[in-house]
Amino acid sequence: MTSTAATPEVYLQQLPTDRLEVMQRLRQCIIENLPEGFQETMQYGMLSYVVPFDIYPSGYHCAKDQPLPFLAVASQKNAISLYHMGIYTEESLLQWFVSEYPNHCKTKLDMGKSCIRFKKMDDIPWALIAELCQKMTPAQWVSLYENNLKK
């Protein structure tokens, strides 16, 4: 379910009613907990939180006209998916999240390399997502990103 919405507000307006409340709550959780400097936008058809060009002028190496992606959330056909690039690139953050997840949720973790899928809207671990959002600043993400580009 890729969206062509130009803004987060339009994206939310286009959601089915059964997903709207959860996506609004997830958006608010992210906005309230991400460190200062990340910017909300639409990127790749998802609500996205990026390091803007005024902080990191180099942008995303795969698409120089795009700011550096960090976190995204999307309402997809069978789940709400949260994509966190810090988890993808920082092993210790991944290990922390995987070990903490059972303390917040009774369901089995459904996760890819950077994607955390929530198939049951009642099982979203809000406090864990809030804590995850707080774990990395834009400066830390840029440093990690650049170090991984050099490898």
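Trainee: In which helix does R27 lie?

Mentor: This is a predicted model, in which local features need pLDDT of at least 70, side-chain atom pairs count only at pLDDT 80 or more, and totals for chains, interfaces and linings use all residues. Residues are numbered from 1 along each chain as its sequence is written, and side-chain values use heavy atoms, with hydrogens and water left out. Helices (H or I, at least four residues) and strands (E, at least two) are DSSP runs numbered from the N terminus. On that basis, R27 lies in helix 2.

Trainee: Is R27 buried or exposed?

Mentor: Buried means under 20% relative accessible area, exposed over 50%, and partly exposed in between (1.4 Å probe, protein chains only). The relative accessible area of R27 is 14%, so R27 is buried.

Trainee: Which strands does helix 2 touch?

Mentor: Contact means heavy atoms within 4.5 Å. Helix 2 (residues 17-33) packs on the sheet, and the strands touched are strand 1, strand 2, strand 3 and strand 4 (80-84).

Trainee: Which strands stand at the edges of the sheet, and why is one side of each left without a neighbour?

Mentor: Two strands pair if DSSP finds at least two bridges between them. The open sheet has five strands in the order 1-2-3-4-5, with antiparallel pairing. Each edge strand has a single partner strand, so one side lacks a neighbour in the sheet; these are strand 1 (39-43) and strand 5 (115-118).

Trainee: Which residue in strand 3 does L47 stand opposite?

Mentor: Strand 2 (residues 46-51) and strand 3 (residues 68-75) run antiparallel and are joined by five bridges. In strand 3, the residue opposite L47 is V73.

Definitions and conventions
Axes fitted to C-alpha atoms, helices over the stretch in contact; angles between N-to-C directions.
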